[in-house]
Amino acid sequence: MMWESFCEKDTVAIAKELGEAAKPGGIFLLEGELGAGKTAFAKGFALGLGITEPITSPTFTILQEYPEGKIPFYHFDVYRILEPEEMYEIGWENYLFGNGVCLIEWASRVREILPDGCKTIRLEKDLEKGFDYRKITME
């Protein structure tokens, strides 16, 4: 699937739709360069799950848990992970195979320990189409 976003509001709306359709056990891998809109996407995804508290990127904590939505939301940012095995120290398999939905920013850093069946979402800039333009694809 592919969407075009021309502003942050579009990105949030697209992600909200995906969050509304998310099911327990869903694992979404969020890829995009710095400033591509991953945090805006996470905000929209959380809105789709019925989460209204502020969403921030868990860059320094690796994981933010939001249990109050229609299903628990586990927002990972693994940018600072040096070795994929570090994820086992936080018990991440309990989140991946639990009753919630996982959104993992910078997932390529831990790809080798992810299960099959994850959905990859890419946010790509195209400055020829405008500073705020993003092409969002999901595989």
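C7 is partly exposed in this predicted model, with a relative accessible area of 28%. Another cysteine, C118, counts as buried, at 13% relative accessibility. If you're wondering about disulfides, a search of the whole structure turns up zero. Here's the rest of the picture, topic by topic.

**Cysteines**

- How far is the sulfur of C118 from the closest cysteine sulfur? That neighbour sits in C102, 8.7 Å away, which is too far for a bond.
- The cut-off for calling a disulfide is a pair of cysteine sulfur atoms within 2.5 Å.

**The sheet**

- Seven strands make up an open sheet with mixed pairing, and their order is β1-β7-β6-β2-β5-β4-β3.
- Which strands stand at the edges? They are β1 (2-5) and β3 (63-66); each has a single partner strand, so one side of each is left without a neighbour in the sheet.
- Ignoring direction, neighbouring strands of this sheet are turned by 15 degrees against each other on average.
- Take β6 (residues 119-125) and β7 (residues 134-138): these two pair in the antiparallel sense, over five bridges.
- Within that pair, L123 stands opposite I136 in β7.

**Helices across the strands**

- Helix α1 (residues 8-21) lies across β1, β6 and β7, and runs at about 150 degrees to β1.
- Helix α2 (residues 38-48) lies across β2 (27-31), β4 (73-77), β5 (101-105), β6 and β7. Relative to β5, α2 runs at about 170 degrees.

**A closer look at α2**

- Why is α2 described as largely enclosed by the rest of the structure? Because eight of its 11 residues are buried.
- The buried set in α2 is K38, A40, F41, A42, G44, F45, A46 and G48.
- Those buried residues pack against α1 as well as β2, β4, β5, β6 and β7.
- Just after α2 comes G50, which takes a positive phi of about 85 degrees.

**The largest pocket**

- How much space lies in the largest pocket? About 230 Å³.
- The lining of the largest pocket has 18 residues, and the closest to its centre are G35, A36, G37, K38 and A40.
- Two elements, α1 and α2, give two or more residues to that lining.
- The largest share comes from α2, with three residues.
- K38 and A40 turn up twice here: both are among the residues closest to the pocket centre, and both are on the list of buried α2 residues.

Technical notes:
Residues numbered from 1 in each chain as written. Predicted model: local features only at pLDDT ≥ 70, side-chain atom pairs only at ≥ 80, totals over all residues. Heavy atoms only, no water. Pairing = 2+ DSSP bridges. Helix = DSSP H or I, 4+ residues; strand = E, 2+ residues; numbered from the N terminus. Axes fitted to C-alpha atoms, helices over the stretch in contact; angles between N-to-C directions. Contact = heavy atoms within 4.5 Å. Buried < 20%, exposed > 50% of the residue type's maximum accessible area, 1.4 Å probe, protein only. 1 Å grid on protein atoms, 1.4 Å probe; cavity = no way out; pocket = protein on both sides within 12 Å on 5 of 7 lines; lining within 4 Å. Points joined across faces, edges and corners; volume = space filled by probe spheres on them.
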